[in-house]
Amino acid sequence: MKVIAFTRTLQGTGASRRLRIAGQTPGIIYGGTAAPVSITLDHNALYHALKKEAFHASILDMDLDGKVEKVLLRDFQVHAYKQLVLHADFQRVDPTKSIHVKVPLHFINAEVSPAVKLSAAVISHVLVDLDVACLPADLPEFITVDLSTLEAGQSLHVSSLTLPTGVTAVVHGDDATVAIAVVPRGAVVAEAPAK
């Protein structure tokens, strides 16, 4: 994905307020060997890009005054009640160094799992994204979680996920739970057919 930005020279609260009134969003690019650079971005383009899941977990091509750099969205601030992006932070990416990023999880095959089909269980997603470490070239847009073998009362953990090549999960403490299948109270369990 490509992002177009321009170098910002004026600093301070007043300058940022004038930028926002003019339809621009202030931001910053930092990291790597170069010095941090204050930037401005088109507010509407940034606002709509932030709605896309891939924008948050992808290496972006930042076109800054005609020079393209590889960056990663690290943080952004939005107004408490207006549809207004107040600020965005981008980090430069070195293709030879590992990065630490949150990647969204996509759950599939829940409706065909034994927990749902046979036991009328409800599958709760405990995690919606996963901390991973990898080289920028190996960064996945999302990680697929297959629930087709999940039984009622069982849980799926990070250690049982199939991660893409070159990607490792960053887990603090015990093996974190990703999803759990729980039979609600009063649910009628389907009888297994007699053989």
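**Figure 1. K70 sits in strand β5, which covers residues 67–78.** In this predicted model, side-chain atom pairs count only at pLDDT 80 or more and local features need pLDDT of at least 70, while totals for chains, interfaces and linings use all residues. Residues are numbered from 1 along each chain as its sequence is written, and side-chain values use heavy atoms, with hydrogens and water left out. Strands, like helices, are DSSP runs numbered from the N terminus (E, at least two residues, for strands; H or I, at least four, for helices). Is K70 buried or exposed, or something in between? With a relative accessible area of 45%, K70 is partly exposed. The scale works like this: buried means under 20% relative accessible area, exposed means over 50%, and partly exposed lies in between (1.4 Å probe, protein chains only). Find L60 too: K70 and L60 are ten residues apart along the chain, and their C-alpha atoms are separated by 5.7 Å. Once neighbours within four places in sequence are set aside, K70 is in contact with I59, L60, D61, Q91, R92 and V93. Here, contact means heavy atoms within 4.5 Å.

**Figure 2. T40 belongs to strand β3, residues 37–42.** T40 has a relative accessible area of 9%, so this residue counts as buried. Which residues is T40 in contact with, leaving aside its neighbours within four places in sequence? They are A5, F6, R8, L19, Q24 and T25. Now look for L50, ten residues from T40 along the chain: the two C-alpha atoms are separated by 16 Å.

**Figure 3. P136 lies in the loop between β9 (129–134) and β10 (143–146).** You might like to check how covered this loop residue is. P136 counts as buried because its relative accessibility is 11%. Not counting residues up to four places away in sequence, P136 touches I59, V93, D94, P95, K97 and I99. How far apart are the C-alpha atoms of P136 and L86? They are separated by 27 Å, and the two residues are 50 apart along the chain.

**Figure 4. A115 has its place in helix α4.** A115 is buried, with a relative accessible area of 0%. Leaving aside neighbours within four places in sequence, A115 is in contact with A120, A121, L150, E151, A152 and A181. Another residue to find in this view is I180: A115 and I180 are 65 residues apart in sequence and 9.7 Å apart in space, C-alpha to C-alpha.

**Figure 5. N109 and A120 are two loop residues with positive phi.** N109 is found in the loop between β7 (99–108) and α4 (114–117). Its phi is near 60°, a positive value in a residue other than glycine. At 28% relative accessibility, N109 counts as partly exposed. Where is A120? A120 is in the loop between α4 and β8 (122–125). A120 is not a glycine either, yet has a positive phi of about 55°. A120 counts as partly exposed, at 37% relative accessibility.

**Figure 6. Two stretches of the chain carry domain names from UniProt.** UniProt places "domain: Large ribosomal subunit protein bL25 L25" (unreviewed entry) at residues 5–90. Over residues 5–90 the chain is 24% helix and 45% strand, with the end C-alpha atoms 11 Å apart. For "domain: Large ribosomal subunit protein bL25 beta" (unreviewed entry), UniProt lists residues 99–184. Over residues 99–184 the chain is 5% helix and 41% strand, and the end C-alpha atoms are 40 Å apart. UniProt positions follow the numbering used here, feature names are shortened, and annotations may be inferred rather than shown by experiment.

**Figure 7. Stepping back, the secondary structure of the chain comes to four helices and 13 strands.** The chain is more spread out than a compact globule, because its radius of gyration is 22 Å, well over the 16 Å that the globule rule gives for 195 residues. This radius is taken over C-alpha atoms, and the globule rule is 2.2 Å times the number of residues to the power 0.38. The C-alpha atoms fill a box of roughly 75 × 40 × 30 Å, taken along the principal axes. Of the 195 residues in the chain, 34% are buried. Among contacts in the chain with a separation of 6 or more, 66% involve residues 24 or more positions apart.
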